[in-house]
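Visitor: Could you take me in for a close look at one part of this model? I'd like to get to know a single spot properly, and then see what sits around it.

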Amino acid sequence: MKELLIIAIGSALVNNVVLSQFLGICPFLGVSKKVDTAAGMGGAVVFVITIASLVTSLIYKFILSPLGFEYLQTIVFILIIAALVQFVEMFLKKAMPPLYNALGVYLPLITTNCAVLGVALTNVQKEYSVLQGVINGIGTSVGFLIAIVIMAGIREKIEYNDISESFQGTPIVLVTAALMAIAFCGFSGLI
Amino acid sequence: MNNCTERIYNGLVKENPTFVLMLGMCPTLAVTTSAINGVGMGLSTTVVLVLSNMLISMLRKIIPDSVRMPAFIVVVASFVTIVQFLLEGFVPSLYDSLGLYIPLIVVNCIILGRAESYASKNPVLPSIFDGIGMGLGFTVGLTAIGIVREVIGTGAIFGQQILPLADAAAGKGGYVPVTIFILPPGAFLVLAFLVALQNKVRNNAAKKGKKVAEPAGCGEGCASCGNSACGGKVFPTGNEK
């Protein structure tokens, strides 16, 4: 139990997926203009990464590993994730329309999000069990949710500031990200 | 052959993936803690890019249009796996420092982007040179950022100390390294100044009425990211269009 908690906190705060591993920079910069949309994107990422880390760990444990096909992991994982995202989208559309309305627009954007593949590969590299892998997935994606929502909150305020011409748009967002990354460095003493 | 040199110029200068198109930002930020890592990552990406451009261009008349994205991904992922094993076998030190980011070359926007927008429409030879040009452009970008971060962060280039460090104990004056530049926040900071510089150049060019290629990456919001290579659907579901 203690070990699982350490994995979750470590992946959510200490090694934050965006601010210290630089995975998922695309949606982090692109979809963080408003808190609502940022929360939607974050929710979709939590949903997809949790399912993807479960499915990829199961497939690695019970299909690739016993057959000695470990070297195919990159190819298999990326195809599983791509298929999974679209399957989840279709399933949500039919079965849970309210959830689909909240997350649907963001789901296709996640297909080639490197954070999803990153979590699947980390689980294999660190030799996590299926349960540890899922916990790592949840932790990582919650870390993404925290980072993108904080960023959106700050960006809503930045809108009203007077920024020099060259720094408008992406550069000021990156400076903000740098300051957030410094703040998250403070978590490194936690575990 | 004129077309081939034009492709290389295009990749290195006119549509430089790092400085102009802003593609592949994840590896750009993550591995540029030192110049040598930048070179290693850039060259690995170049190898994958050239080989995948070549094979996709050869197969462009065979791959059915509806399954082209999964086909491209399988081709790219196979070459990435090969490069990963070669690095692990022959350059283990580089393999250890690049770590997770080698398999993640698969989801690098540059590779799928070039496959989709160039290699799937053009003959083999220009596609190979397009891969070389784009790959070298990416390598130059990563190396430049790596050099900046390494010099400010440690006072060295490629591991060679060029700025004599201060030594308080001996009472010797010198350079005090700003360690934060080789930590994650430094990556964001360097990239912020890089994009600001690029904005400045772009604004000046716009005032003079010149045209500069627009960024195709994700820096400018996900509208630009919604192209088929970056965020589109990989498997056609049939209910599109």
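Guide: Sure, let's go to B:L87, which sits in helix α4 of chain B, a helix covering residues 68–90. One thing to keep in mind as we go is that this is a predicted model.

So, is B:L87 buried or exposed? Its relative accessibility is 10%, and since buried means under 20%, B:L87 counts as buried. As for its company, leave aside anything up to four places away in sequence, and B:L87 touches B:S44, B:P92, B:L94, B:Y95 and B:I102. There's also a nice long-range pairing to look at: B:L87 and B:G40 are 47 residues apart in sequence, yet their C-alpha atoms are 9.6 Å apart in space.

Now zoom out to the chain that holds this leucine. Chain B has nine helices and two strands. Walk along chain B from the N terminus and the elements come as α-α-α-α-α-α-α-β-β-α-α. B:L87 has plenty of buried company, too: 51% of the 241 residues of chain B count as buried. Contacts across long stretches of sequence show up in the chain-wide numbers as well. Take the contacts in chain B with a separation of 6 or more, and 73% of them involve residues 24 or more positions apart. On the outside, chain B has an accessible surface of about 10,700 Å², and carbon and sulfur atoms account for 68% of that.

Staying on the surface, there's a patch that brings in the other chain. B:F85 joins A:L54, A:L58, A:F62, A:I63, A:L67, A:F69 and A:Y71 in a nonpolar surface patch, with about 790 Å² of accessible area together. Which element gives the most to it? That's α3 of chain A, with five residues. A:I63 is a patch member and has its place in that helix. With a relative accessibility of 45%, A:I63 counts as partly exposed, because that label covers values between 20% and 50%.

The α3 helix, residues 35–67 of chain A, also holds A:S57. This serine comes out at 9% relative accessibility, so A:S57 counts as buried. Check its side chain: a polar atom there lies 2.5 Å from the backbone oxygen of A:S53. Beyond the residues up to four places away in sequence, A:S57 touches A:N123, A:V130 and A:G133.

Last, here's chain A as a whole. Chain A has nine helices and zero strands, so its pattern along the sequence is simply α-α-α-α-α-α-α-α-α. Its C-alpha trace spans about 60 × 45 × 30 Å along the principal axes. How does chain A's radius of gyration fit a compact globule? For 191 residues you'd expect a value near 16 Å, and chain A has 17 Å, which agrees. Some 53% of the residues of chain A count as buried. Of the contacts in chain A with a separation of 6 or more, 77% come from residues 24 or more positions apart. Chain A exposes about 8,400 Å², with carbon and sulfur atoms supplying 69% of it.

Definitions and conventions:
Residues numbered from 1 in each chain as written. Chains lettered and ligands numbered in written order. Predicted model: local features only at pLDDT ≥ 70, side-chain atom pairs only at ≥ 80, totals over all residues. Heavy atoms only, no water. Helix = DSSP H or I, 4+ residues; strand = E, 2+ residues; numbered from the N terminus. Buried < 20%, exposed > 50% of the residue type's maximum accessible area, 1.4 Å probe, protein only. Polar contact = N/O pair within 3.5 Å; in protein donor to acceptor, adjacent residues only side chain to side chain. Contact = heavy atoms within 4.5 Å. Patch = residues over 30% accessible without salt bridge, like charges linked within 9 Å, V, L, I, M, F, W, Y side chains within 5 Å. Areas by Shrake-Rupley, 256 points an atom, 1.4 Å probe, with all protein chains shown as cover. Salt bridge = Lys/Arg side-chain N within 4 Å of Asp/Glu carboxyl O. Rg over C-alpha atoms; globule rule 2.2 N^0.38 Å.
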